[in-house]
Amino acid sequence: MAPPLEHGEHISGTTRRSLLAGVAALGALGAAGCSRVATASTTGGGELLDRLRAAGVVRLGIAGEIPFGYIDKNGDLTGEAPELAKVIFKRLGVDRVQPVPTEFGSLIPGLNSQQFDVVAAGMYVTPERCEQVIFADPDYQMLDSFIVRKGNPKGLHNYKDVVAKKAKFATGTGYAEIGYAVEAGYKESDILIVPDQVAGLNAVEAGRVDVFAGTALTTREVVKKSAKAEATKAFTPIVSGKPHTDGGAFAFRRTETNLRDAFNAELRKLKKSGELLRILKPFGFTQAEMTDLTAKELCGG
């Protein structure tokens, strides 16, 4: 996935490093206050949910990224994934969530080495990741968008435009948008890789690049206070010759199908009632990001 993305007024002047440091501090405090932790399950379907209920806490693998999980101006952990986790796990009989911060690329290894119980980081569901973990159904879907100069002088609306108009192109470290641009014909060695969407906005404003690619949520949020840049209309990237919509979801160890299934059951109720959108809306999500995609579809089977 594009490592997810940053939201609202908390974006300006905030770096991913400072966010991660803040989450790390909070996570250390949480760990100090909780000596009862769940261990891996080995029986059919897993027993982790029972263990979590007994412990009264679930450990969330968090990547420290807005809007998916971050420290707010009051020093509290919040974001799309933690707030959703609080609601669902409360309904499952687990009263408390405890963040365990790590780098995005360490989330799946950390989950499988039992450093935490679930990945709650807005992770895109991909066939490659589905070989390593099991996913709940997506709680959001996401299209792409560009950050461009005001007025979009080069007329950049999709990756083919970027290639055809020989635009200077940037995106974030590890973002799925790298592959989308390459598939459209952009030379990977010519892509400027920056840490995140804030750095991407700065590169566009400074004229170092013509365009920065991210998710629709990222781009529309980060440009809100910019006098020099704007976000393009959301569009669907092309993967293997077909339009592709990404979906983000919670991830679980492959043995824990019981927990995943229980989580999915509560998630479906939230979708049906409209409560899911109410939970996600404060973090920049709109009706356009609500989805009926399933993990099975995105896993390729």
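Which residues of α3 are buried? Before getting to that, a word on the model itself: this is a predicted structure, and the protein chain averages a pLDDT of 87, with 85% of the residues scoring at least 70. The picture is shakier over residues 1–37, where pLDDT stays under 50. The model does have 100 contacts beyond four places in sequence for that stretch. Still, where pLDDT is low, the predicted coordinates should not be read in detail.

Back to the helix. The buried residues of α3 turn out to be Glu80, Ala81, Pro82, Leu84, Ala85, Ile88 and Phe89. Looking down the axis of α3, these buried residues fall within an arc of 165°, so they line one face of the helix. Helix α3 itself covers residues 80–91, which makes 12 residues. From its first C-alpha to its last, α3 reaches 17 Å, close to the 16 Å expected at 1.5 Å a residue. Just after α3 comes Gly93, whose phi is positive at about 95°.

Helix α3 also carries a charged pair. The side chains of Lys86 and Glu83 meet in a salt bridge, at 3.1 Å from N to O. Why are these two set up to meet along the helix? Lys86 and Glu83 sit three residues apart in α3, so about one helical turn separates them. More broadly, an α-helix has 3.6 residues a turn, so residues three or four places apart point the same way. Neither partner is among the buried residues: Lys86 is partly exposed, at 34% relative accessible area, and Glu83 counts as partly exposed too, at 22% relative accessibility.The structure holds 11 salt bridges, and two others are worth a look here. Side chains of opposite charge can pair when their charged atoms come close. One such pair joins Glu266 to Lys269, with the closest N and O atoms 3.3 Å apart. Glu266 and Lys269 are three residues apart in helix α10 (residues 257–273), so about one helical turn lies between them. Glu266 is buried, with a relative accessible area of 11%. The other pair is Asp261 and Arg260, whose closest N and O atoms are 2.7 Å apart. Here Asp261 counts as partly exposed at 39% relative accessibility, while Arg260 is buried at 18%.

The loops have a few points of their own. Ser106 is found in the loop between β4 (96–101) and α4 (107–112), and this serine is partly exposed, with a relative accessible area of 32%. Along the chain, Ser106 and Ala63 are 43 residues apart, yet their C-alpha atoms are separated by 8.7 Å.

Beyond α4, the loop that leads to β5 (118–124) is the place of Gln114. Gln114 has a positive phi of about 70° although it is not a glycine, and its relative accessible area of 34% makes it partly exposed. Ser240 is another non-glycine residue with a positive phi, in this case about 55°. Ser240 lies in the loop between β13 (238–239) and β14 (242–243). Is Ser240 buried or exposed? Ser240 is exposed, at 63% relative accessible area.

Note on methods. Residues numbered from 1 in each chain as written. Predicted model: local features only at pLDDT ≥ 70, side-chain atom pairs only at ≥ 80, totals over all residues. Heavy atoms only, no water. pLDDT = per-residue confidence, 0-100. Contact = heavy atoms within 4.5 Å. Helix = DSSP H or I, 4+ residues; strand = E, 2+ residues; numbered from the N terminus. Expected span 1.5 Å × (residues − 1). Buried < 20%, exposed > 50% of the residue type's maximum accessible area, 1.4 Å probe, protein only. Arc of directions from axis to C-beta. Salt bridge = Lys/Arg side-chain N within 4 Å of Asp/Glu carboxyl O.
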